[in-house]
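Q: Please take a close look at a single part of this chain and explain how that part sits in the whole.

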Amino acid sequence: MSTNKFSINDIDWEEILLRLTAFTKSWTNGRGWFRGEDTGTFLVGKKVEDYVYEAIGRFLESPEKYDSNKGELLEYLKYQLVRTLVGNDLRKLENT
């Protein structure tokens, strides 16, 4: 059993939203992911904020998957956002 002393009640959501949105915008800036076009949206017509809220939602559905002993929550969310959400959308037929 983990000695994870993390509490959802201690999260500064305003800071997380701000930093995760900035990260996502900088990561996607200037990349024409959707059919090679610069459409102002990301994959499958999603906007940056859609990915941010989806990453947070996945965390809230299964907070036990996050281990604060392994790093900060923001880094965990960044990893989930890039690896899971974007990776999944890159493989969708409408984005090929």
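Q: Which residues of α2 are buried, and what do they line?

A: This is a predicted model, and its chain has three helices and zero strands, so a close look at α2 is best set against the order α-α-α that runs from the N terminus on. The helix α2 covers residues 48–61; at 1.5 Å a residue its 14 residues should span 20 Å, and the end C-alpha atoms are 20 Å apart, which agrees. Its buried residues are V48, Y51, V52, A55, I56 and F59, and, seen down the axis of α2, these fall within an arc of 130°, so they line one face of the helix. In general, an α-helix has 3.6 residues a turn, so residues three or four places apart point the same way. The face of α2 turned away from this buried side carries the exposed residues Y53 and E61.

The buried side can then be placed in the largest nonpolar core of the chain, which has 16 residues. Each of α1 (13–28), α2 and α3 (73–90) supplies at least two residues of this core, while the largest share, six residues, comes from α2. Among the core members, I16, L20, F59, L73 and L77 touch the most others, and F59 is also one of the buried residues of α2. Leaving aside residues up to four places away in sequence, L20 touches V52 and I56 as well as L74, L77, K78 and L81. For the chain as a whole, buried residues make up 33% of the 96 residues, and residues 24 or more positions apart account for 71% of the contacts with a separation of 6 or more.

Key
Residues numbered from 1 in each chain as written. Predicted model: local features only at pLDDT ≥ 70, side-chain atom pairs only at ≥ 80, totals over all residues. Heavy atoms only, no water. Helix = DSSP H or I, 4+ residues; strand = E, 2+ residues; numbered from the N terminus. Buried < 20%, exposed > 50% of the residue type's maximum accessible area, 1.4 Å probe, protein only. Contact = heavy atoms within 4.5 Å. Core = buried A, V, L, I, M, F, W, Y, C linked by side-chain atoms within 4.5 Å. Expected span 1.5 Å × (residues − 1). Arc of directions from axis to C-beta.
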